[in-house]
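Thanks for making time this morning. I would like to walk you through one model, taking the strands before we turn to the ligand.

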Amino acid sequence: MKPIFRSRFLWELYAGYAAVIIATAMVVGVVLVRDAEHGVLEHIRDGLQRDAVLVRDIAAPYVALPPDSSFEQRIRALGARTGTRYTVIALDGTVLADSNEDPKTMDNHRDRPEIMAAANNGMGTSTRFSRTVSAPSMYLAIPVMKDGVLAGFVRTSSTLEAIRQRSDAVRRGIALALVLPVAAALGLGLLVARSFTRPLLDMTETARAVAAGDHARRLHIHRGDEIGVLADALNTMTGQLRAQIDTMATDRNKTLAILAGMVEGVVAVDREERVVHANAAAQAILGIDGRASLGRRVWEVTRVVEVSEALGEAMRQNRVRVSEVRIPTAQKDQVIQLTATPLRNAGDAIDGAVVVLHDVSELRQLEAVRRDFVANISHELKTPLTAIRGLVETMIDDRAMDAETRERFIAKIGDQSTRLSNLVSDLLTLSRLESGASGLRFEAMDLRETVAESCRTQIHAAETRKVTLTPGLPGAPVTIDGDVEAMRELVDNLVSNAIKYTPPGGRVDVKLATENGSAVLEVADTGIGIPPEEQSRVFERFYRVDKARSRQMGGTGLGLSIVKHVALAHGGTISLKSAPGRGSTFRVQVGLKPGNSSRREGTRSE
Ligand code: ADP
């Protein structure tokens, strides 16, 4: 803490007070001294006058006579006794006697101012340098009367040295009398100034500490006056400040937590487009380092110029600006919607902007898929319908068509209708599956039955195509929680595909087993196989590796899509291993129903 005696305020406060005290003391001192000096002079003059009156009575008989040595002697003795100088002067100015000097050596005194004044006014005084005693002296003269007639003068005088000594003594006394109270007043003043300065210094110190962040600091000034009230007010203010800062910190933490937890990216910039915040999502989308980007211009931080443009325009045009940008990354092609909003400060002036980055890649992809889907459906429906229309029109036009051709046409119309029907039923199944679990009825079911049933119904088709279909089923039930209809659809599709895409002489092995709490269905064929680059796409709707072949086989391109949906709707997985010309193996894994009695693993051929 700053030492109190180095406080400027203390000395400013004290200087005024001290000046008043000293000035007052000086004025009082001067007045007293002057008064006292005047008193001293008066006193000396009174003394001189008293002596003059005494000497006048002694001198009265001698003034009209010539100088008398005995009288002279007497005056001299008188002067030696009293310390005052006496001079007796005749009417003509001749000095008759003098207590200090020989009258014969002295000048005529008729023209001395005190003598002249005494002759005229009855008494005269004068202060001047006396050549006789070689010192400044005060003279007092009175007339001596004889028989009512002016006969001479008596003069008394005292050197000013005596006066000065008296005055000095008086001055010293006065000075001594003033020094003590002045010193006491000055000391008291210092104490008072200190008592005002100390709390002010404490307050300054505390205010500084609070400003520097020490909000727990409090003043301990307990006074009933305004300083005490001010200290209390400061303490209250600090408390409120702390509460407000706490609230702000809590709010800020909440905001940061919300921003950090947001899926959308948020980047906030100030008026100079310097980054003030970039949440985790924004860092991931833009591929930036949050800490390193703080305080830097947004266009230095990210190469996505649209972000800086959006922020800049939102500030310039003072409106919300929505745009979309494609940001390719190593993993995926992101489509980001940018919503830039200007930020205002308390004075409603634009102080920056915030941009929200919303990843709409999936949405846009879904839209594209939907568009493709509608186009595909239209195309798929149009092909058989056009064929049927062509056949019917030909039959109508050609009335004379022979019976054999007509039969063929009708058979073709039948095929196309079946295709249409298959297509519609596959679409219905897909839409049922896509509406989520609500479209399915889950119940405990034995998957063995479904697989056996599917193989039974398709054994004929396999035989027709000279393909050996072999089901491999375990001895115990494989109970899952599933939708019987959907599961049958799954197995049917896999087995029929295997038969369809396996040339005559090939094999199709259907194997059901349990493995680590899951039911595992494997449909393996020795068919044409699927090229590696196509393998991920065969599960897409309407995707076919060889379109012509699929159509020829009566395929709709929806089978594997349905299989995948069913597997996923049952919480399962599907995988594919295939090599062109060697065959394919589809593997579906679905969790067993909890408490399923079949814990024995393995398969048994039927
Ligand atoms: P489709 O009705 O055309 O069979 P799917 O969705 O069932 O449609 O199958 C998609 C495509 O995957 C088929 O067109 C075919 O090219 C290929 N495919 C499906 N299963 C097999 C398989 N077992 N062997 C070879 N290719 C297959």
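**Strands and ligand site**

Let me begin with a single pair of residues: Arg321 has Ala340, in β9, as its bridge partner. Please keep in mind throughout that what we are looking at is a predicted model. That pair belongs to a longer match, since β8 and β9, the latter covering residues 333–344, pair in the antiparallel sense over 8 bridges.

Stepping back, these two strands are part of an open sheet of 5 strands, which follow the order β7-β6-β10-β9-β8 with antiparallel pairing. β7, at 275–278, and β8, at 321–328, are at the edges and have a single partner strand each, so one side of each has no neighbour in the sheet. On average, and ignoring direction, neighbouring strands here are turned by 20 degrees against each other.

Elsewhere, β1 (residues 85–90) and β2 (residues 95–98) run antiparallel and are joined by 3 bridges, with Val88 finding its bridge partner in Ala97 of β2. Their hairpin has 4 residues between the strands, and there Gly93 takes a positive phi near 105 degrees.

Now to the ligand, which sits in the largest pocket and is surrounded by 22 residues, the closest being Asn497, Tyr501, Asp525, Ser550 and Leu560. Which element gives the largest share of that shell? It is α13, with 3 residues.

As for polar atoms, one in the side chain of Tyr501 lies 2.9 Å from a ligand oxygen, while one in the side chain of Asp525 lies 2.8 Å from a ligand nitrogen. Of the 520 Å² of accessible area that the ligand has on its own, the protein covers 98%.

Notes. Residues are numbered from 1 along each chain as its sequence is written. This is a predicted model: local features need pLDDT of at least 70, side-chain atom pairs count only at pLDDT 80 or more; totals for chains, interfaces and linings use all residues. Side-chain values use heavy atoms; hydrogens and water are left out. Two strands pair if DSSP finds at least two bridges between them. Axes are lines fitted to C-alpha atoms, for helices over the stretch in contact, and angles run from 0 to 180 degrees between N-to-C directions. A residue is near a molecule or strand if one of its heavy atoms lies within 4 Å of it. A polar contact is a pair of N or O atoms within 3.5 Å; within protein, one must be able to donate a hydrogen and the other to accept it, and residues adjacent in sequence count only if both atoms are side-chain atoms. Accessible areas come from the Shrake-Rupley method with a 1.4 Å probe; for residues, only the protein chains shown count as cover. On a 1 Å grid over the protein atoms alone, a cavity is a set of points where a 1.4 Å probe fits but cannot get out, and a pocket is an open set with protein on both sides within 12 Å along at least five of seven lines; lining residues have an atom within 4 Å of a point. A molecule sits in a cavity or pocket if more than half of its atoms lie within 2 Å of its grid points.
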